[in-house]
Each structure stands twice: as structure tokens, then as C-alpha cells.
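Dear colleague,

I am handing over a structure that is new to you, and below it I have set out what was found in it. Please read the notes with the sequence and the model side by side.

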Amino acid sequence: MAVLKPFKGLRPPRELAQKVASRPYDVLNSEEARREAEGNPQSLLHIIKPEIDFPAGTDEHTEPVYDKAVENFHLFKEKGWLVQDEKDKLYIYAQTMNGRTQYGIVGAASVDDYMNGVIKKHELTRKDKEEDRMKHVRNTNANVEPVFFTFPAVQELDDIIAKIVKENEPEYDFVAEDGFGHHFWVIDDEATINRIVELFAEIPATYVADGHHRTAAAALVGNEKRENNPNHTGNEEYNYFLAVHFPDNQLQIIDYNRVVKDLNGLTETELLAKLEEDFEVTEMGTDIFKPEDLHTFSMYLDGKWYKLVARPGRYDDNDPIGVLDVTILSDLVLDKILGIKDLRTDKRIDFVGGIRGLGELKRRVDSGEMKAAFALYPVSMQQLIDIADTGNIMPPKTTWFEPKLRSGLVIHELD
């Protein structure tokens with residue numbers, strides 16, 4: 001059963017919350033981070049992307065850069081830009097996008113739960129990315145950024161959160177530059193905290209929605225610390241890590257689309273003919289066409305949009321991986337026709353989050369940078385949970401969650 005632990009959050013004073021809060025480290029590159037933090041010494045990007053404090057082009061994986069993260073972290077605490085709560089608390093973090101709000105419970109998840117599979121994952125992680133985040137956690141001795149979890153919705157938890165939100169002003173409440181709203185409440189009533197913890201203890205599993213590398217890094221560093229502590233008791237703060245838990249019925253997964261650099265030596269006509277073997281192909285004209293059903297794809301090629309519907313028998317609806325449209329596209333188009341075997345390493349393919357819209361696919365093809373684009377119908381939350389429950393792993397770049405969690409609203413220190 002799932003563990004949720006209250007903790008003494010390290011967080012900004014109310015008047016600084018919007019200045020401190022930043023997008024996660026992995027959704028913007030060094031130059032984007034440099035521009036975003038320009039003129040704002042209080043941006044958390046100075047801690048999670050500390051290379052921005054070095055000359056442009058500095059390798060972000062060098063020891064001086066990791067050391068700078070620690071230096072900046074200490075500076076934020078010394079200047080009072082981050083202040084620790086005096087007692088253990090839980091928090092509510094809500095996000096609003098397009099008029100729709102989702103409410104998450106912020107607490108510490110258990111390293112043991114990750115190690116024994118109570119926290120379930122659906123993606124493979126890369127060792128180099130794990131090690132990068134592990135160094136950051138080791139050096140700062142904190143989970144500076146939260147991970148994004150989901151869990152099977154529980155009505156009583158929904159009711160508790162609704163009551164807190166209705167009866168209390170948020171501690172933080174702002175709209176970020178991308179137009180998304182961020183709202184944050186502190187739960188300090190002990191009886192309420194205890195009841196939330198009890199309800200989580202009845203939940204059989206939680207699921208990593210977004211942040212697999214951060215989750216792995218946090219759990220592995222916690223495990224390292226226990227192995228290196230001869231007086232380990234199991235109650236130390238390093239046995240837990242920072243997570244925001246959203247009920248599954250409040251989340252939506254956005255499509256994650258593909259663009260390819262070439263047609264593997266085929267002409268446009270030859271490609272269309274090969275696609276006919278496994279798909280019903282319909283030309284849709286020049287107006288953007290977005291797939292509206294499972295097993296239906298959109299292709300943009302040579303100034304035109306096409307509807308591709310996978311023919312019956314080309315996929316297995318009883319296989320949690322085989323039913324995924326990313327699998328169908330990978331097997332029947334990217335591999336079979338275009339010769340793209342490994343989505344993680346092949347330089348001929350790139351991925352575009354659906355938040356950018358299908359116009360971004362059109363732009364990248366029309367510019368000549370890419371030759372064709374494929375848009376997919378998004379994966380459902382139930383598909384994600386089915387895959388995690390069966391111990392399967394989704395193909396790369398399958399799920400895109402939006403809005404992203406803002407980092408810096410609360411931090412979990414390991415001692």
C-alpha cells in the first residue's frame with residue numbers, strides 16, 4: 001500500500017513565489033533557461049540549471065556546474081528566498097489550463113515503495129540521465145524538483161481537498177507567462193493530515209506519470225544514503241522524496257507526435273502506396289487534420305494532410321503494448337517502411353509534444369527541415385495504468401502531460 005509522508009517544506013515567501021517558481025529542468029535547454037532567468041536572480045533555474053551562471057556553451061555536466069547548484073541553493077536559503085516550515089505538513093498544488101483545474105496532493109513518497117514496485121513506472125530510464133539527476137540530489141541533499149504521480153481516485157480525498165480549497169485562501173496563486181494558473185495551499189491541520197495519510201495507506205499503487213528520471217534518481221540516492229549510514233533506522237528523511245499526487249480521473253494525456261527527416265529513398269507516391277498495405281489512406285486536403293479515434297493517424301506530406309486508419313488484423317487490442325498507436329505507427333510505418341529501428345537513437349526522427357499543436361508539424365515539414373509528420377490520438381490514463389500494472393514499458397515518447405509542474409513551490413530536504 002502507498003506511503004504518503006508529511007514533511008517540513010522548504011519554500012518561498014508568498015511575495016516571491018512567482019519569481020522563484022520555474023519550469024522543470026528538462027523542458028528547456030540551457031539557452032532557453034538563460035533567457036527565462038535573465039534579470040531574475042531569484043529564479044530556481046539558478047539551482048536546477050546552474051550552467052546559466054557560466055559562459056554560454058559551458059558543459060552542464062561538469063563538477064563546477066554541480067557545485068554552483070549547491071552554492072546557489074545555499075544562497076537562496078541565506079537570503080530568505082526559501083524558508084523551511086517549522087513542522088511537517090502536506091500541501092495542495094492545483095494547476096489550471098484552458099479553464100480546467102487539476103488538484104494534486106504534495107507529500108513525500110517512499111523509497112521503499114519505488115524499490116518494491118508499489119510505485120509503478122511505464123518508461124525505461126537512461127543511466128546517463130539518472131546519474132545527472134543523482135548528482136544534483138546528492139550535492140544539494142534535497143529533492144529540489146517534484147515528480148508527477150497519479151493514483152486511482154478516492155472520493156473522500158477529493159472531498160477533503162475540495163473543502164480545504166473552498167474554505168481557505170491559497171498560499172500562492174499566480175498565472176505563469178505561458179498562461180497556466182498555479183495555486184498552492186498549505187495543510188497544517190494535524191487531523192486532516194493524518195486522515196489523508198490513512199487514505200493513501202489504502203491505495204494499492206501509485207504511478208509515475210511524468211519524471212521517471214527524477215523519480216529513479218531520488219529513490220537511488222535515498223537507497224545509497226541508507227547503505228552508507230551504519231545507524232540507519234528507516235525513519236530518516238532520505239527514505240522519502242518529493243512528489244505531487246493527482247487522482248487519475250483529473251488528468252489528461254496529450255498526443256506526442258513524430259516528424260521524420262526523409263522517406264528512406266521513397267518518393268511521396270511510393271510511400272502512399274506502401275501505406276495502403278496496412279492502412280486505409282484518405283487525402284484530407286490542406287486544412288490541418290487531427291485524429292479523433294484510436295488507431296487513426298494524421299500524416300502531413302508535401303503540403304497535404306492524410307487520414308490513415310489501421311486495417312483490422314494489423315494490431316492486437318488484447319495486448320497492452322500492441323494496442324498503442326505509437327506501437328502501430330512504429331511497427332508498420334517507421335520501422336517497416338522508413339527503416340527507423342530505434343526511436344531513442346535514430347537521428348532521422350524527432351518528437352513534438354501535442355501542446356505545440358499540429359501547426360508545428362506543418363511548419364517543420366514546410367520549412368524543409370523534415371519530410372513528413374505523423375500525429376497520433378493520445379494514450380488514455382487507463383492504457384497507462386494497464387501497462388504499468390502488467391509490468392510493461394511504453395515505447396519512447398508516448399505520453400505528454402500538460403501543464404508541467406512548476407519547480408520551486410516547495411522543496412524536500414533529505415536531512
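A good place to begin is Gln102, which lies in strand 4, the strand made of residues 100-110. Please bear in mind throughout that this is a predicted model. Gln102 has a relative accessibility of 2%, and because buried means under 20%, Gln102 counts as buried. Its side chain makes a polar contact with the side chain of Gln95, at 2.9 Å. Leaving aside residues up to four places away in sequence, Gln102 touches Tyr93, Ala94, Gln95, Phe148, Phe246, Gln250, Leu251 and Pro403.

Asn98 offers a contrast in surroundings, for this residue is found in the loop between strand 3 (90-97) and strand 4. With a relative accessible area of 73%, Asn98 is exposed. Should you wish to place it in the whole, the C-alpha atoms of Asn98 and Leu266 are 41 Å apart in space, while the two residues are 168 apart in sequence.

Helix 4 deserves a slower look. The 16 residues of this helix should span 22 Å at 1.5 Å a residue, and its end C-alpha atoms are 23 Å apart, which agrees. Its buried residues are Val65, Tyr66, Lys68, Ala69, Val70, Asn72, Phe73 and Phe76. An α-helix has 3.6 residues a turn, so residues three or four places apart point the same way. What covers the buried residues of helix 4 includes strand 1 (10-11), helix 3 (45-48), helix 6, strand 6 and strand 20 (412-413). After helix 4 comes Gly80, whose phi is positive, near 80 degrees.

Next come the enclosed spaces. A search of the whole structure finds four cavities of 30 Å³ or more, and the largest cavity holds about 130 Å³ of space. Its lining is made by 14 residues, of which Val137, Asn143, Val144, Glu145 and Arg214 lie nearest the centre. The elements that give two or more residues to this lining are helix 6 (127-140), strand 6 (142-143), helix 9 (212-227) and strand 11 (240-247). By class, the lining of the largest cavity divides into nine nonpolar, two polar and three charged residues.

The second largest cavity has a volume of about 80 Å³, and it is lined by Ile48, Lys49, Pro50, Glu51, Glu60, His61, Val65, Tyr66, Ala69, Asp132, Arg133 and His136. Helix 4 (63-78) and helix 6 are the elements that give two or more residues to this lining. Val65, Tyr66 and Ala69, which are among the lining residues of this cavity, are also among the buried residues of helix 4. The lining of the second largest cavity has five nonpolar, two polar and five charged residues.

Finally, there is a pocket to consider. About 220 Å³ of space lies in the second largest pocket, whose lining is formed by Ile160, Lys163, Ile164, Glu167, Asn168, Val186, Ile187, Asp188, Asp189 and Thr192. Two or more residues of this lining come from each of helix 7 (155-167) and strand 9 (181-187), and helix 7 gives the most, with four residues. The residues of this lining divide into four nonpolar, two polar and four charged.

With best wishes

Conventions: Residues are numbered from 1 along each chain as its sequence is written. This is a predicted model: local features need pLDDT of at least 70, side-chain atom pairs count only at pLDDT 80 or more; totals for chains, interfaces and linings use all residues. Side-chain values use heavy atoms; hydrogens and water are left out. On a 1 Å grid over the protein atoms alone, a cavity is a set of points where a 1.4 Å probe fits but cannot get out, and a pocket is an open set with protein on both sides within 12 Å along at least five of seven lines; lining residues have an atom within 4 Å of a point. Grid points are joined across faces, edges and corners, and a volume is the space filled by probe spheres set on the points. Ala, Val, Leu, Ile, Met, Phe, Trp, Tyr, Cys and Pro count as nonpolar, Asp, Glu, Lys and Arg as charged, and the others, Gly among them, as polar. Buried means under 20% relative accessible area, exposed over 50%, partly exposed in between (1.4 Å probe, protein chains only). A polar contact is a pair of N or O atoms within 3.5 Å; within protein, one must be able to donate a hydrogen and the other to accept it, and residues adjacent in sequence count only if both atoms are side-chain atoms. Contact means heavy atoms within 4.5 Å. The expected span of a helix is 1.5 Å times one less than its number of residues.
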